[in-house]
Amino acid sequence: MSQILHAYPLLLRGAWITVQLTLYSAVVALVLAMAFGVIGAVGGRVARAIARVYVEFFRGSATLVLMYWLFYALPLVGFRFQPMVAGVLALSLNYGAYGAEVVRGAIRAVPTAQYEATVALNMPTYQRVRRVILPQAVALMLPPFGNLLIELLKATAVVSLISIADLTFRAQQLRAATGQTAAAFVAVLVMYFVIAQVLQLFVRYLERRTARMLGRRPQRKAMATAPIATGTGAGLQ
Amino acid sequence: MTSTRRDFLRSAALLAGAAPLAAACSTTDPAKERSGGGTLARAKQQGYIQVGFANESPYGYTDTSGKLTGEAPELARVVFKELGIPDVKGVQLDFGGLIGGLQARRFDVIAAGMFVTPERCAQVAFADPDYIATTGFMVPKGNPKGIQRFEDAAKKNVKLGVLTGAVEGDYATKLGVKKDNIKTFADQPSAYEGLKAGRIDAIALTRISLVDTLKKHAGAPYEVTPSFIPQIGGKPQYGAGAFAFRKADSDLLSAFNGKLAELKQSGRLLGIIQPFGFGKAELPGAHTAAELCKG
């Protein structure tokens, strides 16, 4: 164990790469999820079909295989992505597809009365979605998005197979250099857990913020236990 | 009001994320990609060459400070420096992914102590060998199952651990070990853990790797059997490790071979690879890649 602890700079560098990968992939995946999710829910027939194809194709293809494609096969037909880009692309295409289903489901779950009201008010489609449907749908999306974000973090471990020096990659290197399998894996297990907790705190914060935005702030509990939250809320406005 | 600010923040975050990604993409010319070549000139000009390694101690691995080292990378440093390329950078892949990575130009040389085999010769251009390895088995102390050769393993229905893409799996199959009894592991530590957990009865690998693994687990109840050279159809299978290049990089290959021959003649080779457990018995002698490619 001491040998592994001694090599902490290596592990920290790996953790930083893992965090970067997670954030980049999450941003790209979010854009994809929003785009394909929204057109999948409210688009015309052709748009819906395109969204369907994207979701089914990338939801059904293995991240690792996708990554191998981008890393080994594409250079032979004309594109070379840097390993990091290949990793981010493979992960975000995959998780964007999962996310698109979450977005679609959330939009469908907004009460129909809300939609009917926008029609009654003669709002154009863009305004309906942007002003009424999406703000309510976002609140429904956040918990499953939190799940996906943590899954994405853990899925980044496969990039160690395409020469990106992430946390898992560093753990493998330490294993080979020291032979201490158990210690190396315990160390990275803890580090993944810590990163996941930070991500989940972030999602929780977003959930609270969205609820407040919609005037759905949990009443009694929030009032009783978190006067600080009220304070911050006031400060932000 | 709030939504405008949110819009702004959201698009700013997206742009910030997208910018580095866009900057990191590159396209290649497919024709040039397939023909390859020009690596020597490019490496000299940019001042470094990228080598692929499999994180297999002691052939090519990263030490606990993150520095690339091992028999092949250290030898690469000496040879390339004398060829006018001052720096060697490592790209780590699974052993089984090295040839694919070389062909996809993820790096320019395989520096992993890869054995020269006829199958691999069809895909890459090997330099002359820089060491000869003999095979051994890691078994529980006292070798209760009496495994000395692959034939013993076949007869006694022993479960053998081998590494992905490594030659031992091939030897084992050809010498009669049943496919079900060959377990493939991604790397040495995994194979070692497999042995410890009782998933396999023995690891088949080069003596050098096994001794190296055992060294890291002082006092472990295992031993390495006396090394041998497997014979297939009466032909000895020399496990000769060499650097591998893309076929198109013939200038780089011949420059490398020239320097390597110098190191062999002057006796400097031994000094470079000795720290990694290689001895006089592992020196390659006069074996050439051409000879080994014939099988």
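In which helix of chain A does Arg104(A) lie? Select residues 83-109 of chain A and you have helix H5 of that chain, the element that holds Arg104(A); keep in mind throughout that this is a predicted model.

**Stop 1: around Arg104(A)**

Show the side chain of Arg104(A) and ask whether this residue is buried or exposed. Arg104(A) counts as buried because 24 other C-beta atoms lie within 10 Å, where the cut-off for that class is 20 or more. Next, add Gly37(A), Gly40(A) and Ala41(A) to the selection, since these are the residues in contact with Arg104(A) once its neighbours within four places in sequence are left aside. Then pick Met141(A), which is 37 residues from Arg104(A) in sequence, while the two C-alpha atoms are 9.2 Å apart in space.

**Stop 2: the whole of chain A**

Zoom out to chain A, whose secondary structure consists of 11 helices and 1 strand. Following the sequence, you pass four helices, then the strand, and then helices again to the end of the pattern, α-α-α-α-β-α-α-α-α-α-α-α. Taken along the principal axes, the C-alpha atoms fill a box of roughly 70 × 55 × 25 Å. Chain A has 237 residues, of which 38% count as buried, and among its contacts between residues at least 6 apart in sequence, 76% join residues at least 24 apart.

Now select the three spans that UniProt, in an unreviewed entry, lists under "transmembrane region", namely residues 21-42, 54-74 and 182-203 of chain A. Residues 21-42 of chain A are 100% helix and 0% strand, with end C-alpha atoms 31 Å apart. Residues 182-203 of chain A are likewise 100% helix and 0% strand, and there the end C-alpha atoms are 32 Å apart.

Before leaving this chain, colour it by pLDDT: the average for chain A is 88, and 91% of the residues score at least 70. The stretch to treat with caution is residues 229-237 of chain A, where pLDDT stays under 50 and the model has 3 contacts beyond four places in sequence.

**Stop 3: chain B and its two domains**

Turn to chain B, in which there are 13 helices and 16 strands. Of its 295 residues, 43% count as buried, and 73% of the contacts in chain B between residues at least 6 apart in sequence join residues at least 24 apart.

Colour two selections separately, residues 12-132 together with 238-293 as domain 1 of chain B, and residues 135-228 as domain 2 of chain B. The C-alpha centres of these two domains lie 27 Å apart. How many residues does each domain bring to the contact between them? Domain 1 of chain B gives 13 and domain 2 of chain B gives 14, and on the domain 1 side you will find 4 nonpolar, 6 polar and 3 charged residues.

For comparison with the record, select residues 48-280 of chain B, where UniProt, again in an unreviewed entry, places the feature "domain: Solute-binding protein family 3/N-terminal". Over residues 48-280, chain B is 33% helix and 26% strand, and the end C-alpha atoms are 31 Å apart.

**Stop 4: the nonpolar cores**

Select Ala112(B), Ala202(B), Ile203(B), Phe243(B) and Ala244(B), the residues with the most contacts inside the largest nonpolar core, which has 77 residues. The element that gives the most to this core is strand E6 of chain B, residues 109-115, with 6 residues, and the core draws at least three residues from each of domain 1 and domain 2 of chain B. Centre the view on Ala112(B), whose contacts beyond four places in sequence include Phe53(B), Tyr59(B), Phe95(B) and Leu98(B). A second, separate core of 51 residues can be found by selecting residues such as Ala29(A), Ala33(A), Val88(A) and Leu149(A).

**Stop 5: where the chains meet**

Finally, show both chains and select the contact between them, which takes 37 residues from chain B and 33 residues from chain A. Several elements of chain B each supply at least two residues to the side that touches chain A, among them strand E5 (87-92), helix H9 (188-196) and helix H10 (207-216). The largest share of that side, 6 residues, comes from H1(B). Coloured by class, the side of chain B that touches chain A shows 11 nonpolar, 16 polar and 10 charged residues.

Key: Residues are numbered from 1 along each chain as its sequence is written. Chains are lettered from A and ligands numbered from 1 in the order in which they are written. This is a predicted model: local features need pLDDT of at least 70, side-chain atom pairs count only at pLDDT 80 or more; totals for chains, interfaces and linings use all residues. A nonpolar core is a set of buried Ala, Val, Leu, Ile, Met, Phe, Trp, Tyr and Cys residues joined through C-beta atoms within 7 Å. A residue is buried if 20 or more other C-beta atoms lie within 10 Å of its own, exposed if 12 or fewer, and partly exposed in between; C-beta atoms are placed from the backbone. Domain bounds come from an automatic or database domain assignment. Two residues are in contact if their C-beta atoms, placed from the backbone, lie within 7 Å. UniProt positions are given in the numbering used here, feature names are shortened, and annotations may be inferred rather than shown by experiment. Ala, Val, Leu, Ile, Met, Phe, Trp, Tyr, Cys and Pro count as nonpolar, Asp, Glu, Lys and Arg as charged, and the others, Gly among them, as polar. pLDDT is the predictor's confidence in each residue, from 0 to 100.
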